[in-house]
Amino acid sequence: MKKIITIGREYGAGGRTVGNIVADKLGIAFYDRDLIIKTAEELSYLTAEDVRIWDERVPVNAGLMQSLFDPMNKSLGEQLWKAQVDAIRKIADKESCVIVGRNAGFILREFDHLLNVFIYADKEWRIRHMVEITPGADRNSVTACMNDIDKRRHAYAKMYTGVDSINIASYDLTINTGKLGFDKAAELIVNAAEKI
């Protein structure tokens with residue numbers, strides 16, 4: 001039976017790491033940044049680099065004037081959102097998988113056999129973790145980056161889904177990796193996935 005696991009995450013909490021472990025344990029496909037390429041394939045006039053620039057961000061004024069004067073012409077942000085939705089749905093229709101980020105839990109909310117997970121950790125733990133794994137990073141730069149990325153992800157989710165990305169009611173399972181670690185988090189997800 002097909003299983004779809006989506007993982008929302010805070011920056012630095014290890015969502016990608018946990019997702020990789022889960023996919024390996026279950027022997028299923030793993031999607032994260034490679035969805036950028038699949039999104040670009042949906043929009044043949046954009047390259048993967050074009051899509052990467054706007055990944056999980058709200059394009060400020062991107063195509064705003066165009067969409068104001070011609071409502072049939074969608075802004076770049078709307079086009080990217082639709083292409084991402086199409087890419088994620090095609091993947092979920094085709095195979096069991098783990099999808100990290102990209103609002104996949106919202107996009108696939110009506111799918112059967114879906115487990116929607118949120119990975120988080122205390123801010124101090126996330127800062128320490130990112131400083132440890134990022135060569136040459138210092139506490140101030142990591143903190144600034146973390147604040148920026150979390151803010152952009154929340155704004156993006158709110159704009160395109162209307163849902164606060166950290167609303168726990170949106171998830172089946174929330175896990176604090178700062179307390180449990182990556183392996184235990186993955187074990188909990190695998191156990192929960194066996195029940196869907």
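This text walks through two helix pairs and one strand residue in a predicted model.

Start with helix α7, which spans residues 123-133. Just ahead of the helix sits Asp 122, the cap of the N-terminal end of α7. One of the side-chain oxygens of Asp 122 lies 2.9 Å from the backbone nitrogen of Glu 124.

Now follow α7 to its partner, helix α8, residues 139-161. The two axes come within 9 Å. They cross at roughly 120°. That angle makes α7 oblique to α8, because it falls outside the 65 to 115 range for roughly perpendicular and is not over 145, the mark for roughly antiparallel. The crossing of α7 past α8 is right-handed.

Which residues make this contact? From α7 come Lys 123, Glu 124, Arg 126, Ile 127, Met 130 and Val 131. From α8 come Arg 139, Val 142, Thr 143, Met 146, Asn 147 and Asp 150. By class, that gives 5 nonpolar, 2 polar and 5 charged residues. Look at the spacing along each helix. An α-helix has 3.6 residues a turn, so residues three or four places apart point the same way.

Next, ask what is hidden in α7. Its buried residues are Trp 125, Arg 126, Ile 127, His 129 and Met 130. Among the elements that cover them are α8 and α9, the latter running over 177-193.

Move on to strand β5, residues 173-176, where Asn 176 lies. Is Asn 176 buried or exposed? Its relative accessibility is 15%, so Asn 176 counts as buried, the cut-off being under 20%. The side chain of Asn 176 reaches the backbone nitrogen of Gly 178 at 2.9 Å. Leaving aside residues up to four places away in sequence, Asn 176 touches Tyr 120, Ala 121, Asp 122 and Gly 181. Asp 122 is already familiar as the cap of α7.

Finish with α9 and its packing against helix α1, residues 15-26. Their axes are 9 Å apart, at an angle of about 35°. Here too, the crossing is right-handed. On the α1 side, Thr 17, Val 18, Ile 21, Val 22, Lys 25 and Leu 26 take part. They meet Thr 177, Phe 182, Asp 183, Ala 185, Ala 186, Ile 189, Val 190 and Ala 193 of α9. How many residues of each class does this contact have? The contact of α1 with α9 has 10 nonpolar, 2 polar and 2 charged residues.

Conventions: Residues numbered from 1 in each chain as written. Predicted model: local features only at pLDDT ≥ 70, side-chain atom pairs only at ≥ 80, totals over all residues. Heavy atoms only, no water. Axes fitted to C-alpha atoms, helices over the stretch in contact; angles between N-to-C directions. Helix = DSSP H or I, 4+ residues; strand = E, 2+ residues; numbered from the N terminus. Parallel < 35°, antiparallel > 145°, perpendicular 65-115°, else oblique. Left-handed = near helix turned anticlockwise from the far one by under 90°. Contact = heavy atoms within 4.5 Å. Nonpolar A, V, L, I, M, F, W, Y, C, P; charged D, E, K, R; others polar. Buried < 20%, exposed > 50% of the residue type's maximum accessible area, 1.4 Å probe, protein only. Polar contact = N/O pair within 3.5 Å; in protein donor to acceptor, adjacent residues only side chain to side chain.
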